[in-house]
Amino acid sequence: MNQIGTRTIETERLVLRRYVVEDAEDMYRNWTGDPEVTKFLSWPTHPNAEFTKSLLEKWVSYYDEGRTYNWGITLKGEDHVIGNIAVVERDERTCSYEIGYALGRAFWGRGIMPEALKAVINYLFEGEKDLNRIIATHDPRNMKSGRVMQKAGMHFDGVLRAAKKNNQGIHDAVYYSVLREDLEKKD
(Lines give C-alpha, C1' and ligand atoms only; values in the text may rest on other atoms or scores of the structure.)
Protein backbone atom coordinates (compact mmCIF):
# COMPACT_ATOMS: atom_id res chain seq x y z
CA MET A 1 0.00 0.00 0.00
CA ASN A 2 1.06 3.56 -0.65
CA GLN A 3 1.87 5.20 2.69
CA ILE A 4 1.46 8.95 3.00
CA GLY A 5 2.63 9.23 6.60
CA THR A 6 1.66 11.64 9.33
CA ARG A 7 0.76 15.08 8.04
CA THR A 8 -1.08 17.84 9.84
CA ILE A 9 -4.87 17.52 9.81
CA GLU A 10 -7.14 20.40 10.77
CA THR A 11 -10.79 20.18 11.74
CA GLU A 12 -13.20 22.82 12.97
CA ARG A 13 -11.77 22.72 16.50
CA LEU A 14 -8.62 20.61 16.33
CA VAL A 15 -5.15 20.37 14.89
CA LEU A 16 -3.74 16.86 14.65
CA ARG A 17 0.02 17.11 14.26
CA ARG A 18 3.29 15.27 14.53
CA TYR A 19 4.76 15.01 17.97
CA VAL A 20 7.89 16.77 19.13
CA VAL A 21 9.93 15.58 22.11
CA GLU A 22 8.87 18.68 24.03
CA ASP A 23 5.32 17.26 24.17
CA ALA A 24 6.35 14.77 26.87
CA GLU A 25 5.18 16.84 29.87
CA ASP A 26 1.75 17.51 28.32
CA MET A 27 1.36 13.85 27.37
CA TYR A 28 2.26 12.66 30.84
CA ARG A 29 0.03 15.19 32.58
CA ASN A 30 -2.96 14.67 30.26
CA TRP A 31 -3.06 10.93 29.61
CA THR A 32 0.02 8.69 29.75
CA GLY A 33 0.40 9.21 33.52
CA ASP A 34 -3.32 8.91 34.34
CA PRO A 35 -4.42 5.40 35.39
CA GLU A 36 -8.06 6.30 34.70
CA VAL A 37 -7.23 7.09 31.05
CA THR A 38 -5.00 4.04 30.60
CA LYS A 39 -7.39 1.67 32.42
CA PHE A 40 -8.62 0.02 29.20
CA LEU A 41 -5.49 0.53 27.09
CA SER A 42 -2.95 -2.11 26.09
CA TRP A 43 0.06 -0.25 27.48
CA PRO A 44 0.69 0.54 31.17
CA THR A 45 0.42 3.94 32.80
CA HIS A 46 3.75 5.72 32.47
CA PRO A 47 5.66 6.03 35.76
CA ASN A 48 7.00 9.53 34.98
CA ALA A 49 7.47 12.14 32.24
CA GLU A 50 10.99 10.88 31.49
CA PHE A 51 9.51 7.54 30.43
CA THR A 52 7.08 9.39 28.16
CA LYS A 53 9.96 11.44 26.74
CA SER A 54 11.97 8.33 25.85
CA LEU A 55 8.94 6.92 24.02
CA LEU A 56 8.46 10.20 22.17
CA GLU A 57 12.07 10.20 21.03
CA LYS A 58 11.39 6.87 19.27
CA TRP A 59 8.08 8.05 17.81
CA VAL A 60 9.60 11.25 16.42
CA SER A 61 12.40 9.27 14.75
CA TYR A 62 9.80 7.12 12.92
CA TYR A 63 8.30 10.10 11.08
CA ASP A 64 11.21 10.21 8.64
CA GLU A 65 10.31 6.73 7.35
CA GLY A 66 6.91 8.00 6.14
CA ARG A 67 5.14 4.84 7.30
CA THR A 68 4.00 6.07 10.71
CA TYR A 69 0.54 7.45 11.41
CA ASN A 70 0.72 8.99 14.85
CA TRP A 71 -0.84 12.32 15.75
CA GLY A 72 -0.87 14.48 18.83
CA ILE A 73 -4.29 16.09 19.26
CA THR A 74 -4.34 19.81 20.06
CA LEU A 75 -7.12 22.37 20.31
CA LYS A 76 -6.90 25.05 17.62
CA GLY A 77 -5.04 28.06 18.91
CA GLU A 78 -3.34 26.04 21.66
CA ASP A 79 -0.25 23.95 21.05
CA HIS A 80 -0.53 21.59 24.01
CA VAL A 81 -1.22 17.93 23.20
CA ILE A 82 -4.37 16.68 24.91
CA GLY A 83 -4.58 13.24 23.30
CA ASN A 84 -3.29 10.77 20.77
CA ILE A 85 -4.67 9.00 17.71
CA ALA A 86 -2.66 6.55 15.64
CA VAL A 87 -2.68 3.57 13.33
CA VAL A 88 -1.74 0.80 15.75
CA GLU A 89 -1.91 -2.23 13.45
CA ARG A 90 -1.77 -2.86 9.70
CA ASP A 91 -2.88 -5.85 7.68
CA GLU A 92 -1.34 -5.59 4.23
CA ARG A 93 -3.19 -8.72 3.04
CA THR A 94 -6.61 -7.16 3.56
CA CYS A 95 -5.50 -3.54 3.07
CA SER A 96 -6.77 -2.54 6.49
CA TYR A 97 -5.62 -0.43 9.42
CA GLU A 98 -6.59 -0.45 13.07
CA ILE A 99 -6.81 2.89 14.86
CA GLY A 100 -6.25 3.45 18.57
CA TYR A 101 -6.68 6.60 20.61
CA ALA A 102 -6.48 8.16 24.07
CA LEU A 103 -7.65 11.52 25.37
CA GLY A 104 -6.89 13.40 28.58
CA ARG A 105 -9.70 13.09 31.11
CA ALA A 106 -10.19 16.86 31.33
CA PHE A 107 -11.29 16.77 27.67
CA TRP A 108 -13.76 13.87 27.82
CA GLY A 109 -17.38 14.47 26.83
CA ARG A 110 -16.74 17.35 24.41
CA GLY A 111 -16.89 15.43 21.12
CA ILE A 112 -13.16 15.85 20.57
CA MET A 113 -12.31 12.21 19.92
CA PRO A 114 -15.12 11.52 17.42
CA GLU A 115 -14.03 14.65 15.53
CA ALA A 116 -10.40 13.46 15.50
CA LEU A 117 -11.33 9.89 14.53
CA LYS A 118 -13.52 11.03 11.64
CA ALA A 119 -10.74 13.32 10.40
CA VAL A 120 -8.16 10.51 10.49
CA ILE A 121 -10.53 8.11 8.71
CA ASN A 122 -11.06 10.65 5.92
CA TYR A 123 -7.34 11.43 5.72
CA LEU A 124 -6.39 7.78 5.39
CA PHE A 125 -9.01 6.93 2.76
CA GLU A 126 -8.21 10.05 0.72
CA GLY A 127 -4.45 9.49 0.81
CA GLU A 128 -4.18 5.70 0.73
CA LYS A 129 -5.94 4.67 -2.47
CA ASP A 130 -5.51 0.92 -1.77
CA LEU A 131 -6.85 1.14 1.78
CA ASN A 132 -10.04 -0.92 2.05
CA ARG A 133 -10.98 -1.03 5.73
CA ILE A 134 -10.35 0.83 8.97
CA ILE A 135 -11.17 -0.83 12.27
CA ALA A 136 -11.20 0.12 15.92
CA THR A 137 -11.92 -2.01 18.96
CA HIS A 138 -12.86 -1.47 22.57
CA ASP A 139 -13.29 -3.40 25.78
CA PRO A 140 -17.05 -3.85 26.38
CA ARG A 141 -16.61 -2.29 29.83
CA ASN A 142 -15.54 0.92 28.08
CA MET A 143 -18.75 1.78 26.25
CA LYS A 144 -17.74 5.43 25.85
CA SER A 145 -15.03 4.34 23.43
CA GLY A 146 -17.68 2.51 21.42
CA ARG A 147 -19.75 5.71 21.31
CA VAL A 148 -16.73 7.51 19.82
CA MET A 149 -16.61 4.93 17.03
CA GLN A 150 -20.35 5.22 16.38
CA LYS A 151 -20.23 9.04 16.29
CA ALA A 152 -17.35 8.86 13.81
CA GLY A 153 -19.53 6.83 11.43
CA MET A 154 -18.08 3.39 12.07
CA HIS A 155 -20.30 0.30 11.93
CA PHE A 156 -20.61 -2.36 14.64
CA ASP A 157 -19.13 -5.64 13.36
CA GLY A 158 -19.37 -7.90 16.39
CA VAL A 159 -17.63 -9.14 19.50
CA LEU A 160 -14.72 -11.55 19.64
CA ARG A 161 -14.54 -13.34 22.96
CA ALA A 162 -11.27 -13.09 24.91
CA ALA A 163 -9.56 -11.59 21.86
CA LYS A 164 -7.43 -8.77 23.32
CA LYS A 165 -5.48 -7.89 26.44
CA ASN A 166 -5.37 -4.56 28.24
CA ASN A 167 -4.55 -3.28 31.73
CA GLN A 168 -7.61 -5.14 33.04
CA GLY A 169 -6.43 -8.47 31.60
CA ILE A 170 -7.75 -10.57 28.72
CA HIS A 171 -11.08 -9.23 27.50
CA ASP A 172 -13.69 -9.52 24.80
CA ALA A 173 -13.14 -7.09 21.93
CA VAL A 174 -15.97 -5.11 20.38
CA TYR A 175 -15.15 -4.41 16.73
CA TYR A 176 -16.22 -1.44 14.62
CA SER A 177 -15.19 -0.74 11.04
CA VAL A 178 -15.66 1.52 8.09
CA LEU A 179 -15.06 0.39 4.52
CA ARG A 180 -14.05 2.56 1.60
CA GLU A 181 -17.33 1.62 -0.07
CA ASP A 182 -19.23 2.97 2.98
CA LEU A 183 -17.79 6.42 2.36
CA GLU A 184 -18.31 6.19 -1.40
CA LYS A 185 -22.01 5.42 -0.84
CA LYS A 186 -22.35 8.67 1.16
CA ASP A 187 -20.97 10.78 -1.73
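Modeller: Let's start with a yardstick: the radius of gyration is taken over C-alpha atoms, and the globule rule is 2.2 Å times the number of residues to the power 0.38. This is a predicted model, in which local features need pLDDT of at least 70 and side-chain atom pairs count only at pLDDT 80 or more, while totals for chains, interfaces and linings use all residues. Residues are numbered from 1 along each chain as its sequence is written, and side-chain values use heavy atoms, with hydrogens and water left out.

Biologist: Thanks! What does the radius of gyration say about the chain as a globule?

Modeller: For 187 residues, a compact globule would come out near 16 Å. The chain has 16 Å, so the two agree. Along the principal axes, its C-alpha atoms fill a box of roughly 45 × 35 × 30 Å.

Biologist: What makes a stretch a helix or a strand here, and how many of each are there?

Modeller: Both are DSSP runs, numbered from the N terminus: helices are H or I over at least four residues, strands E over at least two. On that count the chain has six helices and eight strands, following the pattern β-β-α-α-α-β-β-β-α-β-α-β-β-α along the sequence.

Biologist: Which strands stand at the edges of the sheet, and why?

Modeller: Strands pair if DSSP finds at least two bridges between them. The eight strands form an open sheet with mixed pairing, in the order S1-S2-S3-S4-S5-S6-S8-S7. Strand S1 (9-10) and strand S7 (155-166) each have a single partner strand, so one side of each has no neighbour in the sheet.

Biologist: How do you know that S4 is paired with S3 and with S5?

Modeller: Set the bridges against that minimum of two. S3 (residues 70-75) and S4 (residues 83-91) are antiparallel and joined by four bridges, with Trp71 partnered by Ile85. Eight bridges link S4 to S5 (residues 96-103), also antiparallel, and Arg90 faces Tyr97 there.

Biologist: What makes Cys95 stand out?

Modeller: Cys95 is in the loop between S4 and S5, a hairpin with four residues between its strands. Its phi is positive, about 50°, although it is not a glycine. Most residues other than glycine have a negative phi. Ala162, in strand S7, also has a positive phi, near 45°.

Biologist: In what sense do S5 and S6 pair, and which helix packs on the sheet?

Modeller: S5 and S6 (residues 133-138) pair in the parallel sense over three bridges, and Ser96 has Arg133 as its bridge partner. Helix H4 packs on the sheet, and the strands it touches include S3, S4 and S5 (contact means heavy atoms within 4.5 Å). H4 makes about 155° with the direction of S5.

Biologist: Why is H4 called oblique to H5?

Modeller: Axes are lines fitted to C-alpha atoms, for helices over the stretch in contact, and angles run from 0 to 180 degrees between N-to-C directions. Under 35 degrees is roughly parallel, over 145 roughly antiparallel, 65 to 115 roughly perpendicular, and the rest oblique. H4 (residues 112-127) and H5 (residues 143-151) pack at about 50°, with axes 8 Å apart. That makes H4 oblique to H5. Met113, Pro114, Leu117 and Lys118 of H4 meet Val148, Met149 and Lys151 of H5.

Biologist: Which hand does the crossing of H4 and H5 have?

Modeller: A crossing is left-handed if the near helix is turned anticlockwise from the far one by less than a right angle, and right-handed if clockwise. H4 and H5 cross in the right-handed way, as do H1 and H3.
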